[in-house]
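Please find below a colleague's note for someone opening this entry for the first time. It is meant to be read beside the sequence and the coordinates.

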Amino acid sequence: MSLFSLRHNLNKLTREDSASSEQSGLWIMILAMMIIPSVDVLAKLLSPELSPVQISFLRVAVQAVFLLLALRKLPQLLHSASLTRRLWLSSVLVNLAVTFMVWSLVYLPVANAVALFFIEPLLVMLLSSLFLQERSTGLKYLLAFVGLAGALVVIRPNFQLYGWSSVLPMLAALFYALYLISVRTIRDQIPTAEMQAYISLAGIILLGSALLLSQNSGMTLLNWSPLQDKHLPLLAMLGFFSALTHFMISKAFTLSKASNLAPFRYLEIIGATALGYLIFGDYPDLMTWLGTGIILGSGLSLIYLDKKEAKDL
């Protein structure tokens, strides 16, 4: 076999392996997006008897157990002062996001809450310009504001039905967007798995302290209710699916390009609608679908522009 033929065959194998890896990443991402709504459904099932902060605390505690089992060790706990501050800030932000989302599920149907939460990618783009000086085109800013207008279309009928609680998923989206920006500033300083385990352990301390310090406050948001046997399998599944979907998304991003994976995030809305209908009998009204369509259209258009810009470079 000539050197040229050998090189040709090696290049062909490399391309095939790359294509196979890309396909595997896409399928893992699709599966993860269909599983993620189960986390919201489990939280909603627990919400009539457990407070939002208690659910968030137990979720992060069980999730930490699964993450540590996957790591097979404790994460490194001692870091520079700067990195430690950012890790704790990231933990505060993500646990606020989780708590606001769980709080919203006390009142809102799952699909409605998830639809409002999906302003998060638009907020990431806008806030990245503010905090990371990542400049975007005027068209991208316009699309982001159109997406936010779509959220107002969703929130209008929901506000009439559910009142101020309709704002809670948007606050969750805001804190999660800030969390993603915070994580982007430290992702090169600590391995992803260790970072997530550290943030989870910090979350146990933060949410546990909030629960301990507020036991006599009378705030229902921070109540601790005795756990019953029926709660345990739901909590175990909540923590397991939280850890599993995080692992799957991380794995997908190691196998496939982020730009190829981004559109599949919106499959979560389909899963949330299906599970919400099957378990709770909830189905979004026409205005909620219209607003969701505007949010999806804006988000997918931004993804398309990002991919087009990347090809032109």
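The points below go from the whole chain to single elements and one residue.

1. The model is predicted, so its confidence comes first. Mean pLDDT for the protein chain is 81, and 88% of its residues reach 70 or more. The N-terminal stretch needs separate treatment: over residues 1-16, pLDDT stays under 50. For that stretch the model has two contacts beyond four places in sequence. Where pLDDT is low, the predicted coordinates should not be read in detail.

2. The protein chain contains 13 helices and zero strands. Read from the N terminus, its elements run α-α-α-α-α-α-α-α-α-α-α-α-α.

3. The protein chain has 313 residues, of which 46% count as buried. Among contacts in the chain with a separation of 6 or more, 86% are accounted for by residues 24 or more positions apart.

4. One helix pair deserves a look in the viewer. Two packed helices are described by the angle between their axes and the distance between the axes. For helix H3 (residues 52-71) and helix H9 (residues 192-213), the packing angle is about 150 degrees and the axes are 9 Å apart. An angle over 145 degrees counts as roughly antiparallel, and H3 and H9 are therefore roughly antiparallel to each other. The crossing of H3 past H9 is left-handed.

5. Which residues of H3 and H9 meet? On the H3 side they include Val53, Phe57, Val60, Ala64, Leu67 and Leu71. On the H9 side they include Ala193, Glu194, Ala197, Leu201, Ile204, Leu207 and Leu211. By type, the residues of this contact between H3 and H9 divide into 14 nonpolar, seven polar and one charged.

6. Helix H5 (residues 110-117) is mostly covered, with eight of its eight residues buried. In sequence order these are Val110, Ala111, Asn112, Ala113, Val114, Ala115, Leu116 and Phe117.

7. Is Ser182 buried or exposed? This residue lies in helix H8 (residues 168-184). Its relative accessibility is 6%, and buried means under 20%, so Ser182 counts as buried. Leaving out residues up to four places away in sequence, Ser182 touches Arg86, Leu89, Ser90 and Leu93.

Methods
Residues are numbered from 1 along each chain as its sequence is written. This is a predicted model: local features need pLDDT of at least 70, side-chain atom pairs count only at pLDDT 80 or more; totals for chains, interfaces and linings use all residues. Side-chain values use heavy atoms; hydrogens and water are left out. Buried means under 20% relative accessible area, exposed over 50%, partly exposed in between (1.4 Å probe, protein chains only). Helices (H or I, at least four residues) and strands (E, at least two) are DSSP runs, numbered from the N terminus. Axes are lines fitted to C-alpha atoms, for helices over the stretch in contact, and angles run from 0 to 180 degrees between N-to-C directions. Angles under 35 degrees count as roughly parallel, over 145 as roughly antiparallel, 65 to 115 as roughly perpendicular and the rest as oblique. A crossing is left-handed if the near helix is turned anticlockwise from the far one by less than a right angle, and right-handed if clockwise. Contact means heavy atoms within 4.5 Å. Ala, Val, Leu, Ile, Met, Phe, Trp, Tyr, Cys and Pro count as nonpolar, Asp, Glu, Lys and Arg as charged, and the others, Gly among them, as polar. pLDDT is the predictor's confidence in each residue, from 0 to 100.
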